[in-house]
Amino acid sequence: MKIRYFKVLTLLSLMILCITGEIQAQETLKKDSPIVNRDAVNIAFGKVERRDLVGSTSSINAEDIAKYDNTQLVSDALLGRVPGLLGYNNVRGIGSALFIVDGLPRDISTLTLAEVEQITVLKDINASILYGSAAANGVVLITTKRGDAKKTQMKFNLYSGISVPKALPKYLSSSDYMTLYNEARANDGLAALYSKETIENYRSQNKRLYPNYKYIYPDVDYYSSEYLKSYKPFSKATAEFSGGNKTATYYSNMGWEQVGSLFDFGRAKDSKQNRFNIRGNIDLKINSFIKSSLDAVAVIKNTSSPAATSIGDYWANAKTLQPNLFAPLIPISQINPKNAMLLAHKRDIDGMYLLGGTQSYLTNAIANGYELPLNQNVQNTFSFNNKIDFDLSSIAKGLAFHTNLSFDYYTTYDEYISDQYSVYSPTWTGDTISAASTALTKYGNDKKATTQTISGSSYERRLGFQGILDYNRTFNDVHKVGGTLLAFANIYKRMGDYQGNKNTNLGLRLNYSYDNKYMVDFSGAYVNSVKLPSKSRRAFSPSLGLAWMISSEDFMSSVEAIDYLKLRLTGGILNSDNGISGYYYYLNRWDYNSSYSWSEIQGTPDQGVVSEYGDNDDLKFEKRKELNFGIEGSFFNQKLYLETNVFTSLYYNQITMPQTMYPSFYTDFMPYKNYDDNAYRGAELGLTYTEKLGDFQIALGANALYSTSEVMKKDEVYADSYRYRKGKPVDAMFGLVADGFFMSNEEIANDETFQTFGTVKPGDIKYVDQNGDKIIDENDEVQIGRSQAPFSYGLNLRLTYKNISLFAIGTGRIGADSYISGDYYWVDQDDKYSEYVLGRWTEATKETATYPRLTTLAGSNNFRNSTFWLYKDNYFTLQRAQITYEFPQTFVKKLRMQGLSCFLDGSNLLTISKHREIKDLRIGSEPYYRSFSLGVKTTF
């Protein structure tokens, strides 16, 4: 299978190189070849000059970023640069945007920034509505690079670096774990499990003179240098080729990336990820009125990692396996040579160790890393675009027709060899293992597989089409008239789907501009949904935009500080099924139920057919209604650029199953209805300032977003007014209000409230009885925070002195809350103990305790959402910084190059937060990293 894909990639590479070579060999360029307008902005199904924009859009050019920022991911390039964008994919805090790459919704994780020409964020309904139902939360439009008929170029980018974990979990040693576990049992009224002598032996193991003590009294730290390196390496090389002539142009991109791993033991240390990508974008002039383009992309990613067995992968083991559980390795040198198990063993580690384990842990992550061949996860992505443009100016000047057919296919699967191994549990006599049959117990079998196993296979495919009839013409250099009539279809299906996700619509755009001063844009979409009943499957979504280039008015001519200033007002209503999670909600659905004492299904005892929900033939589209007012301008000879918008949106007729409209006995027949409404309001601001003072240049960028929300209508009935979600933010967090700890049995006995979350003891969290009913339960939950920050911002700075530049970019958020949760913090039963529990409640520390009492039972009272675990998640992160040196042109030309630069960069460098240690920590999976790299870029 690997060979077949390699042949496909090789053939694709040769085709691209042959075509580019053929184009280069053809006739030379003419001076009148078209030049790309740097002020041109890609919009929905078209491209316009920035001055003609009506809808609220922001764009960034990838080529400009690449000069001073070596970021590779599209998502990273969006962070902190676009006003109105929360993170990289949430437009105005409303929800995840639709990503369009070269005309089709696509996964941007397979795309590198080096392939991108421009990214445009369509923020309001007027700008995004032509993409129909799926554009309910805005659109991020990505256009990849094309060849330039006037410029033949080759670019190379090579860099290498290291990634260092930002933080690693800190778990307690074996002796501390056993001490605290005994304490937890005492809190539960149980006898100690570990004797003082045993604990002391474990505590002293690192102080012993002979090394075998760590095998007798294990203290396994999965995050120590015994198993992990302090960093993992990475390298990447990218090559770009572009050029052409009046007949054909081409752009190709080829890249290879390798990322190592932190593992530093056994076969696991050979873990790595290799990624290879190749893109070819070719534009052909068929004749005087037909042009075509062909785009082909292939991305192959192979990740080798330690095999994960039923017990879990390495990182899952690291968070759950107690340090004293067993020694992963048993030294053969300490086993009596006459031991029968030793004599019969078939597999060992370098002739020095047997694998340790227990009957309950026949496999474990460390043994897997030593003994099992690495698992190979293979991911293949193939994309294809074919566009055809017809110039119909012979029929009517300014008339054109465009088509685009796109196809994507993604597959993934795992390859591995299902070897088996044995683990051994020793009984030590002093510091040796005797020859007695009971001294070494074997669990499992040693077996080497003779075949390779393929599992975990899955696929995704996407088919897209668009047909566009375009008309653009200017009359008397004053009247610009434009119109677009389009059909758009996108069908997405993944393995296991009974019905794929279909998004189809017709679109209409009519625009007019008078003397580049007054602009009007009407855009609408006739959307279709397969999720709704037949009579409600189609609806028209209209939008209207008005813009006034006020700086072009005569009364503004004397204001020298203003280069240009534009006001815009847009509004619209979008019908969408984007928020409808399933199909056939309008039908009465029936399913099997096994709670019957008789059978309604032949051959299946105790099973009948029951209704899940009722039918509703009046189910309709969810709707988004929006109004946006914006200002855009350039000032002081283009030194200052400003973009700001104020917006309000209402999501209404959201589909839900209203429980309060029907009696409880009607539960199985309650239908879905259009009912819930949510409102979003806010403002965004983007500023860019540039200044040049001799050899010194400065570019400063800042953007900010304030976005808040409110639940306007919701199906809910509560006895207490504070529990209603209506009137509160959509992202409101509800929980209990903690009131310290129960301090004594006497306090508990005198407490009149009934605790419904379990029996409480001294050291358990006490909660406020909000409604005064003397019962602590879910009815006492109130709003205690917000999960989404209402205020977010981004800052970027670029300083240049002659050939040296310094760039930095960071993002921040204010006003969000988060919970401290997860196994690392919420520890009960037999969970592994971290340093976080050291502030636990005891009789000696009850006045200063920061953590509840320990327990070996279920901590259902303590470990639930409450203000005790809540923290303010305000932060600022320095995302990236880079120093770049451009070599002088006199030196570069001697090397027959057009450009040469070297750079040193870092990413995820610093987080400023009161709770940085929590934000930097990742439990149960690979840690978060900060990365550093050194590289060179060349242009020929």
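**Exercise 1. Find which residues Tyr314 is in contact with, leaving aside its neighbours within four places in sequence, and place Tyr314 in a core.**

Step 1. Taking contact as heavy atoms within 4.5 Å, the list for Tyr314 reads Tyr222, Tyr227, Leu228, Phe263, Phe265, Ala365 and Ile366.

A quick word on the ground rules: this is a predicted model, where local features need pLDDT of at least 70 and side-chain atom pairs count only at pLDDT 80 or more, while totals for chains, interfaces and linings use all residues. Residues are numbered from 1 along each chain as its sequence is written, and side-chain values use heavy atoms, with hydrogens and water left out.

Step 2. Now look for nonpolar cores, that is, sets of buried Ala, Val, Leu, Ile, Met, Phe, Trp, Tyr and Cys residues joined through side-chain atoms within 4.5 Å. Buried means under 20% relative accessible area, exposed over 50%, and partly exposed in between (1.4 Å probe, protein chains only). The largest core has 72 residues, and Tyr314 and Tyr833 have the most contacts inside it.

Step 3. Helix α5 (residues 174-187) supplies the largest share of this core, five residues. Helices (H or I, at least four residues) and strands (E, at least two) are DSSP runs, numbered from the N terminus.

Step 4. A second, separate core holds 23 residues, among them Ala77, Phe99, Leu113 and Val121.

**Exercise 2. Work out the strand order of the open five-stranded sheet and describe β3.**

Step 1. Two strands pair if DSSP finds at least two bridges between them. The order is β3-β8-β9-β6-β7, with mixed pairing.

Step 2. β3 (57-61) and β7 (104-105) each have a single partner strand, so one side of each lacks a neighbour in the sheet.

Step 3. β3 runs antiparallel to β8 (residues 116-122), joined to it by five bridges. Thr57 faces Leu122, and Ser58 stands opposite Val121.

Step 4. Is β3 mostly covered or uncovered? Mostly covered: four of its five residues are buried.

**Exercise 3. Identify the strand that gives the most to the nonpolar surface patch.**

Step 1. The patch, about 820 Å², includes Leu284, Phe384, Phe407 and Ile491.

Step 2. β18 (399-417) and β21 (452-475) each provide at least two of its residues. β18 gives the most, with three.

Step 3. Leu284, in strand β13 (residues 272-285), is partly exposed at 31% relative accessible area.

Technical notes
Patch = residues over 30% accessible without salt bridge, like charges linked within 9 Å, V, L, I, M, F, W, Y side chains within 5 Å. Areas by Shrake-Rupley, 256 points an atom, 1.4 Å probe, with all protein chains shown as cover. Salt bridge = Lys/Arg side-chain N within 4 Å of Asp/Glu carboxyl O.
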